[in-house]
Amino acid sequence: MSSPQISGQRLGGRRLGGQRLGGQRLWPVHVVLAIGAAAMIAPFFWQLLTSLQSPAQATSVPPDFVPGWRWSNYSEVFTSMPFLRQFLNTVLITVVRVAAQLLFCSMAAYAFARLRFPGRNTIFVLLLAVLMVPSQVYLLPQYQILMHLGLLNTLTGIVLPGLFSAFGTFMLRQFFLSLPLDVEEAARLDGAGPVRIFWSVMLPLARPGLISLGVLTVLWSWNDLLWPLVVANDANQMPLSVGLATLQGEHSTDYPVLMAGSLLASLPMILLFIMAQRRITEGIAFTGSK
Amino acid sequence: MALAKAPSAPAAVPAAAATGPRRRLGVRVGEQNGHPREWIWGYLMILPLVAGLACFYLWPIAQSCYYSFTTWGVFGGQQWVGLANYRAFLSDPQLPKAAWNTVLYSLLMLLAIPFSIVLAALLNQLRGRHVGLYRTLYFLPVVSMPAAVAMVWRWLYNGDYGLINYLLSLVGVHGPHWVSDPRFTVYAMAVVGIWSSLGYNMIIFSAGLKGIPRHYYEAAELDGAGRVRQFFSITLPLLSPSIFFVSVLTVIGGLQMFDTVLMMLGRANPALAGSKTIAYLFYEDVFLDNRQGMGCAIAVVLMAVLLVLTAVQFRLQKKWVHYE
């Protein structure tokens, strides 16, 4: 807005033909980005290729770049680990964690952002301390709590600590603080109480923030390894991340099956990302801007 | 921060004027601490979260600190041993190697930052569909399950049949056994770490770059500054808040590195002894070797190191981070 009128050239990059401000062509940019991108996805191609080969093909020297179309590797994943069960476990764990975090964090975040009560800032700072502490510090006591509750080796146990998030509260509080006050004030003048305002005015306004947090929580929950590894021993109570670790323990040299399993386990998040790319990148950019 | 913007915002909305200046800032004059009814709702709304965080995070943190001064009996029960765990940890023959591995890994991870800045800057030159495509490709490793990623790389690194050594052999290099030779494991893991974090960093930097006002570049161009000069005297300084954020996150994540050691090397790996990280020592002590007190001492030391490092980084940021 405040810039001088070079308007004709300002959006030069949008013009077809690769012309840009200053007349530089864009193809060197494409070359560098494409080489980088190739390096980024090469491991996925190798994974896919190996997952369709026989063990003999996969271990041939020099490597065989022809896929063997051996789909049985994939069916073997389902027989050598309770893949379906673990997939459903992962979905369940993720859904419950996301729902709980969205509810608890948004409620608390709204209160911390907009309601006034004694001790508010002290409590908030105390919760922020959790963000600074590495997970190793609370891991063992969390494990003990589950043991006392008899929840080791259960999905409930895996889910429990992740229902609450200091990070999510912090993030949503920032979001609520950035919302204009006037809508809320208008609702208050109409006689709406804090709960009404929160539920029917603020939550809808906070939708982008909620979606960002939800997406980040999905990603974290789906990929989380250390906690479920510690809690779950029974293959039927494991999420996929731990299932893969055990699969690797048992089939440590059967790379085609391992590749098929790892691809299947990552696939849902990859698809989710492709579908919700904008939300995810926005969510991450939002956390980056505090 | 956000509140500071409020006075100008309602001015544009006539309806807001009706509410009067008394309430504009959300700080209602004369009732600084809110109405007792507001208190009750406030407490009720934070209750579930505060209770959960207190039970599963705050109390456990306190407990771990206590445990770090105790030793555990076979049948449970803790005995106070003072600083014995800390002394044992500091004189643990595994410590120097593990500390070095952890620090080396974190430093190597920082290399991802210049790469991702350059990539983000290049990506920001483009418009339209290509941007989404590149972003997706670079971001795929970030969304892939780390356990799965580690398995794939373990295979890529395979000394005999791996793709990497095959490619090296094409240029006449005889590649080592990357994941079973302790001389190479940390570097091999760092490559995986960098590969997995590039896409994430790029998004942060990309957002940071978009926040740099265009007219700075236009002014620089009028002054005859070239692209490279512009990059170093405009882009980098104005991107420094993002660089700061990413480097703090990188260091915090790097010092806690665990997943890759477990999944890419594995417990049966002969190279494991020389490739352990601090977080791996913690895992081993607490969950494999029944030395819970010692493990908690490691966790507490790790926490202290992280807090000090973060504080130092925040102190240093005044020297190089420019906030507009």
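Let me begin with a distance in chain A: taken over C-alpha atoms, the centres of domain 1 and domain 2 of chain A are separated by 36 Å. I should say at once that this is a predicted model, and that the division of chain A puts domain 1 at 22-76 and domain 2 at 82-250.

What lies between those two domains? The largest nonpolar core, which has 160 residues, counts A:Ala108, A:Tyr110, B:Leu49, B:Leu53, B:Ala147, B:Met151 and B:Ile298 as the residues with the most contacts inside it. Helix 5 of chain A, residues 83-114, supplies the largest share of this core, namely 14 residues. Because domain 1 (22-76) and domain 2 (82-250) of chain A both give residues to this core, it lies between them.

To take one residue from that list, A:Tyr110 touches A:Phe176, A:Phe198 and A:Met202 and also B:Met45 in the other chain, if we leave aside residues up to four places away in sequence.

That brings me to the contact between the chains, where 94 residues of chain A meet 90 residues of chain B. On the chain A side, helix 2, which covers residues 27-51, gives the most, with 12 residues, and by class that side has 67 nonpolar, 20 polar and 7 charged residues.

Finally, turning to chain B, an unreviewed UniProt entry lists residues 98-313 as "domain: ABC transmembrane type-1". In the model, that stretch of chain B is 75% helix and 0% strand, and its end C-alpha atoms are 23 Å apart.

Conventions
Residues numbered from 1 in each chain as written. Chains lettered and ligands numbered in written order. Predicted model: local features only at pLDDT ≥ 70, side-chain atom pairs only at ≥ 80, totals over all residues. UniProt positions renumbered as here; feature names shortened; annotations may be inferred. Helix = DSSP H or I, 4+ residues; strand = E, 2+ residues; numbered from the N terminus. Core = buried A, V, L, I, M, F, W, Y, C linked by C-beta atoms within 7 Å. Buried ≥ 20, exposed ≤ 12 C-beta atoms within 10 Å, placed from the backbone. Domains from an automatic or database assignment. Contact = placed C-beta atoms within 7 Å. Nonpolar A, V, L, I, M, F, W, Y, C, P; charged D, E, K, R; others polar.
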